[in-house]
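Please examine the sequence and the structure below. The paragraphs that follow lead through them step by step.

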Amino acid sequence: MNNINSIEALELITKANNLSLKKGYDEISLERAVFLSWWCDKGDCKFCYMSTQKNKIKDPTKAKRRVNNILAEAEMCSRLGWNIEFLYGGYK
Ligand code: SF4
């Protein structure tokens, strides 16, 4: 996965905004996936963040997230008005 810096991110956001306005969209929604673990045994789906982590994780048993952290993230999403689109638990 390519890393982008904050300038590139702002340029991409501006580009997306201009395209949305050009298409006549006046509303956006933000969606987020909540990960229950950082490990996925399959880990090769190109669209998924988990596939970028598989070869960085030495011990999958330590890649589980703490319940408090997951709940805090869900609460933050709720307060920000973001939709939670997926709960990813990993494969296997
Ligand atoms: S969590 Fe699901 S989508 Fe992501 S790499 Fe694993 S199997 Fe693929």
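Tyr 91 is found in the segment that comes after strand S2. In this predicted model, Tyr 91 has 13 C-beta neighbours inside 10 Å and therefore counts as partly exposed; a residue is called exposed at 12 or fewer such neighbours and buried at 20 or more. Apart from its neighbours within four places in sequence, Tyr 91 is in contact with Cys 40, Asp 41 and Lys 42. Leu 12, by contrast, stands 79 residues from Tyr 91 in sequence, and the two C-alpha atoms are 32 Å apart in space.

Tyr 91 also belongs to the surroundings of the ligand. The residues around the ligand are Cys 40, Lys 42, Gly 43, Cys 45, Cys 48, Met 50, Ser 51, Tyr 88, Gly 90 and Tyr 91. Two of the contacts of Tyr 91, Cys 40 and Lys 42, thus appear in this shell as well. Sorted by class, the shell comprises six nonpolar residues, three polar residues and one charged residue.

The strands may be considered next. Strand S2 spans residues 83-88, and the count of buried residues among its six residues is zero, which leaves S2 hardly covered. S2 pairs with strand S1, residues 31-35, in the parallel sense over five bridges. Within this pairing, Arg 32 has Ile 84 of S2 as its bridge partner.

The helices follow. Helix H1 covers residues 6-23; its 18 residues reach 25 Å from the first C-alpha to the last, close to the 26 Å expected at 1.5 Å a residue. The number of buried residues in H1 is zero, and this helix is hardly covered. Gly 24 follows H1 and has a positive phi, near 90°.

Helix H3, residues 67-80, contains 14 residues and extends 20 Å from its first C-alpha to its last, close to the 20 Å expected at 1.5 Å a residue. Because the number of buried residues among these 14 is zero, H3 lies largely in the open. Just after H3 comes Gly 81, with a positive phi of about 80°.

Between H2 and H3 runs a loop, and Asp 59 has its place there. Only 7 other C-beta atoms lie within 10 Å of Asp 59, so this residue is exposed. Trp 39 is 20 residues away from Asp 59 in sequence, with a C-alpha to C-alpha distance of 9.1 Å.

A final matter is the confidence of the prediction. The protein averages a pLDDT of 89, and 97% of the residues score at least 70. Confidence is lowest in helix H2, residues 50-53, at a mean of 89, and highest in H3, at 94.

Notes:
Residues are numbered from 1 along each chain as its sequence is written. This is a predicted model: local features need pLDDT of at least 70, side-chain atom pairs count only at pLDDT 80 or more; totals for chains, interfaces and linings use all residues. A residue is near a molecule or strand if its C-beta atom, placed from the backbone, lies within 6 Å of it. Ala, Val, Leu, Ile, Met, Phe, Trp, Tyr, Cys and Pro count as nonpolar, Asp, Glu, Lys and Arg as charged, and the others, Gly among them, as polar. Helices (H or I, at least four residues) and strands (E, at least two) are DSSP runs, numbered from the N terminus. The expected span of a helix is 1.5 Å times one less than its number of residues. Two strands pair if DSSP finds at least two bridges between them. pLDDT is the predictor's confidence in each residue, from 0 to 100. Two residues are in contact if their C-beta atoms, placed from the backbone, lie within 7 Å.
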